[in-house]
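Here are some notes for a colleague who is new to this structure. Please read them with the model open beside you.

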Amino acid sequence: MRACVLTWGCQLNVHRSEEIEGVLERAGFRIVDRPEDADVVILNTCMVRKRAEDKVVGRVGELARLKRKGVLIGVGGCMAQGRKEELFKICPGIDFAFGTSDISLLPELIERARAGERPAHFPAPVTLEPLPVRRRSTFSAYVTVAEGCSCACAYCIVPFVRGPLRSRPLADILDELVGLAAAGYKEVTLLGQNVDAYGMDLKDGTDFALLLRKVSKLPIPRVRFTSSHPAYMREETIAAIAQGQNICEHVHMAVQSGSDRILAAMGRGYTREDFLKLVERLRTEIPGVNITTDVIVGFPGETEEDFQETLSLIEEVKFGTVYVAAYSPRPYTRAARLPDSVPREEKARRLKEVLELTRKNGLELHRRRIGEIVEVLVEGYLPEKGMYYGKTRDFRTVLFSGEEELVGQIVEVRVEAASPGAMEGSLVKERIA
């Protein structure tokens with residue numbers, strides 16, 4: 001049988017899709033890229049915002065035409081874990097559903113669906129399950145170091161659909177990384193919903209700083225990690241980033257708001273001043289570090305004054321990128337019980353202002369780099385631009401003219417032009433790694 005896996009959401013979900021494909025491939029399925037070529041289509045979903053759910057519902061509707069040809073449709077991941085049996089009413093065209101754990105049972109669910117059942121499996125995500133991985137890249141790899149989150153942010157559904165923090169044993173992570181190094185991978189990204197909290201549940205002295213120090217000794221040119229929580233970023237972790245030669249100069253650390261009043265209502269565990277001190281420490285100890293962030297606008301009770309404090313924080317910090325979203329109530333969360341007091345139109349205006357400020361800052365930061373020679377890991381080709389693209393160590397996008405054989409290689413590019421979202425340049429040296 002042929003299977004196609006479609007993905008919504010974060011890097012953890014992208015990697016989970018690689019694991020879903022690994023489980024299916026081990027069971028004899030052939031993985032295909034297009035739903036039209038598949039016998040089974042699986043939607044691996046996100047539930048962080050309502051918009052993500054709406055997209056899944058729309059996609060299931062679009063795929064309904066394939067059911068006439070006998071194609072099975074399954075929905076899994078966070079949306080399935082959160083909605084459970086209700087999912088079959090929300091998406092009446094699906095044949096089976098599964099949550100965020102016990103992925104190894106997926107082939108059995110598919111067989112039951114083929115026999116005419118509409119099976120569902122939503123166990124509580126309380127354990128870690130080792131799974132085979134079908135990697136989609138030959139040069140850049142995701143490695144999960146922890147699942148779930150034990151924070152209690154008022155707006156966040158992750159602890160409900162991903163479960164509490166569960167850290168992988170350090171030895172297991174290192175074994176996987178040694179294998180990736182031996183296979184010639186140029187880059188790995190360590191994943192966790194709250195990656196800085198890695199090891200807190202192990203009770204054996206293992207922590208994220210120790211993991212980074214171990215990884216820094218491996219022959220992998222670039223090591224990244226995401227996502228960081230400001231309340232859990234420790235001095236030892238900052239030192240490990242600064243001292244690790246292969247640890248990239250990029251920290252994605254969600255601030256969510258610049259208002260102390262809203263941060264307290266969100267249950268974030270830090271103040272604006274705490275965050276700014278952390279930014280100062282990062283930039284002092286890691287020269288050139290690119291700090292990117294997430295922001296929510298329109299949280300219940302957010303006033304114009306609160307929003308202006310968020311804008312001023314963005315301007316003060318000069319984040320490399322701000323990923324901004326309008327607040328939407330999520331089931332099971334504390335914030336869902338609060339009045340959604342900011343009108344939709346006002347949320348849209350605030351979101352637009354954050355995007356405009358981010359673009360302004362992005363252009364300014366990229367223009368400063370004109371004339372520099374930067375190292376770029378080439379990721380692919382953009383037909384609409386007629387150029388190849390890749391990322392610098394500090395996670396900035398660079399466009400340049402090149403050849404297909406450079407994909408997966410680290411090259412040197414001289415920056416010659418800038419836009420809000422990327423830098424452009426020309427090759428100086430090919431294949432430095």
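1. Start with Ser 227. This residue sits in the loop that runs between strand 11 (222-226) and helix 9 (235-243). The peptide bond between Thr 226 and Ser 227 is cis, with omega at about 0 degrees. Keep in mind that this is a predicted model.

2. Next, look at Gln 256. Its loop lies between strand 12 (250-252) and helix 10 (260-266). Gln 256 is not a glycine, yet its phi is positive, at about 75 degrees. Is the residue buried or exposed? Gln 256 has a relative accessibility of 8%, so it counts as buried, the cut-off being under 20%.

3. Tyr 332 deserves a look too. It belongs to the loop between strand 14 (322-326) and helix 13 (344-367). Here again phi is positive, about 75 degrees, in a residue that is not a glycine. The relative accessible area of Tyr 332 is 46%, so this residue is partly exposed. That class falls between the 20% and 50% cut-offs.

4. Now helix 2 (residues 50-67). Does its length agree with its residue count, and what span should 18 residues give? At 1.5 Å a residue, helix 2 should span 26 Å. Its end C-alpha atoms are 26 Å apart, so the two values agree. Helix 2 still has a kink of about 25 degrees, centred on Gly 61. Its buried residues are Ala 52, Glu 53, Val 56, Val 60, Leu 63 and Leu 66.

5. Turn to the second largest pocket. It holds about 370 Å³ of space. Its lining has 20 residues, and those closest to the centre are Glu 19, Glu 129, Pro 130, Leu 131 and Arg 168. Helix 1 (11-26) and helix 7 (170-182) each supply at least two lining residues. Helix 1 gives the most, with three. By class, nine of the lining residues are charged, six are nonpolar and five are polar.

6. Finish with the strands. Strand 18 (residues 410-418) runs antiparallel to strand 15 (residues 373-382), and five bridges join them. One pairing to find is Leu 377 with Ile 410 of strand 18. Strand 18 is also antiparallel to strand 19 (residues 423-429), through six bridges. There, Val 413 stands opposite Leu 427 of strand 19. Strands 18 and 19 form a hairpin, with four residues between them.

Methods: Residues numbered from 1 in each chain as written. Predicted model: local features only at pLDDT ≥ 70, side-chain atom pairs only at ≥ 80, totals over all residues. Heavy atoms only, no water. Pairing = 2+ DSSP bridges. 1 Å grid on protein atoms, 1.4 Å probe; cavity = no way out; pocket = protein on both sides within 12 Å on 5 of 7 lines; lining within 4 Å. Points joined across faces, edges and corners; volume = space filled by probe spheres on them. Nonpolar A, V, L, I, M, F, W, Y, C, P; charged D, E, K, R; others polar. Expected span 1.5 Å × (residues − 1). Bend = angle between axes of the 7 residues up to and from the residue. Buried < 20%, exposed > 50% of the residue type's maximum accessible area, 1.4 Å probe, protein only.
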